[in-house]
Amino acid sequence: MIHIFAVEASNGIDFGSENTNYDVFVDNSKSIVVDVGLNNGLDTKHFLRDGHSVISVDANPLWIRKARKHFSRELADNKLILLNRGLANSSGSLTFHESTSSTRSSFDHRKATKYGTIPVVYTLL
């Protein structure tokens, strides 16, 4: 179990939504689960159902958009934070390839274009 207590804005972390009350999120959470790779949201749904607060991270804007609709109540209740962010071993600008096959999206061009899919490209700062 990962427990998160505070993150300083000076660390360069942008949580993405000015509407989220992070103090309330942390104060009202018995436990916080970080779901890296939100995908279709099944793991996030399971963690929420088990009573955890969840921070779900995904580089694919498609999954974040779908999750905002599906988990609107949990977002409003400060039980969920969605982060449209990618993780990498270097800082700077990265190119994200959103494949037409949603589970193939990646920072890796070869993975995103496998099986002949045509990627949509985003540059993340």
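Two strands count as paired when DSSP finds at least two bridges between them. Keep that rule in mind as you explore this predicted model.

**Stop 1: the sheet**

Select strand S1 (32-36) and strand S2 (53-57). How many bridges join S1 to S2? There are five, and the two strands run parallel. For one example, click on Asp 35, whose bridge partner in S2 is Ser 56.

Now add strand S3 (80-83) to your selection. You are looking at an open sheet of three strands, ordered S1-S2-S3, with parallel pairing. Which strands stand at the edges? They are S1 and S3; each has a single partner strand, so one side of each has no neighbour in the sheet. Turn the view slowly and look for the twist, which averages 15 degrees from one strand to the next.

**Stop 2: the path from S1 to S2**

Show helix H2 (42-49) together with S1 and S2. Follow the chain as it leaves S1, passes through H2 and arrives at S2. This is a β-α-β crossover, and its hand is right-handed.

On the way, pause in the loop between S1 and H2, where you will find Asn 39. The phi angle of Asn 39 is near 50 degrees, which is a positive value in a residue other than glycine. Is Asn 39 buried, partly exposed or exposed? Asn 39 counts as partly exposed because its relative accessibility is 28%, and the partly exposed class lies between 20% and 50%.

Carry on past H2 to Gly 51, in the loop that leads to S2. With a relative accessibility of 38%, Gly 51 is partly exposed as well. Next, select Ser 31 and draw a line between the two C-alpha atoms: Gly 51 and Ser 31 are 20 residues apart in sequence, and 8.2 Å apart in space.

**Stop 3: the nonpolar cores**

In soluble globular proteins, nonpolar side chains tend to be buried together. To see a case here, show the side chains of Leu 38, Leu 48, Val 54, Trp 63, Ile 64, Ala 67, Phe 71, Leu 80 and Leu 82. These nine residues form the largest nonpolar core. Which elements give two or more residues to this core? The answer is helix H3 (61-70) and S3. H3 gives the most, with three residues.

A second, separate core has six residues, including Phe 25, Ile 32, Val 57 and Leu 83. Give this core another colour in your viewer.

Then go back to Ala 67 and list its contacts. Leaving aside residues up to four places away in sequence, Ala 67 touches Leu 38, Ser 72 and Leu 82.

**Stop 4: around helix H4**

Select the loop between helix H4 (72-76) and S3, and find Asn 78 there. Asn 78 has a phi near 55 degrees, again positive in a residue other than glycine. Is Asn 78 buried or exposed? Asn 78 is buried because its relative accessible area is 16%, and the cut-off for buried is under 20%.

Stay in this region and show Arg 73 and Asp 77. They form a salt bridge, with the closest N and O atoms 3.7 Å apart. Arg 73 is exposed, at 64% relative accessibility, while Asp 77 is partly exposed, at 45%.

**Stop 5: another salt bridge**

How many salt bridges does the count come to? It comes to two. For the other, select Arg 110 and Asp 108, whose closest N and O atoms are 3.8 Å apart. Arg 110 counts as exposed, at 66% relative accessibility, and Asp 108 as partly exposed, at 32%.

**Stop 6: the loop after S3**

Finish with Arg 85, in the loop between S3 and strand S4 (94-98). Arg 85 is partly exposed, with a relative accessible area of 31%. Add Pro 61 to the view: Arg 85 and Pro 61 are 24 residues apart in sequence, but their C-alpha atoms are 8.8 Å apart in space.

How values were computed:
Residues numbered from 1 in each chain as written. Predicted model: local features only at pLDDT ≥ 70, side-chain atom pairs only at ≥ 80, totals over all residues. Heavy atoms only, no water. Helix = DSSP H or I, 4+ residues; strand = E, 2+ residues; numbered from the N terminus. Buried < 20%, exposed > 50% of the residue type's maximum accessible area, 1.4 Å probe, protein only. Axes fitted to C-alpha atoms, helices over the stretch in contact; angles between N-to-C directions. Core = buried A, V, L, I, M, F, W, Y, C linked by side-chain atoms within 4.5 Å. Contact = heavy atoms within 4.5 Å. Salt bridge = Lys/Arg side-chain N within 4 Å of Asp/Glu carboxyl O. Right-handed = clockwise from strand over helix to strand, strands pointing away.
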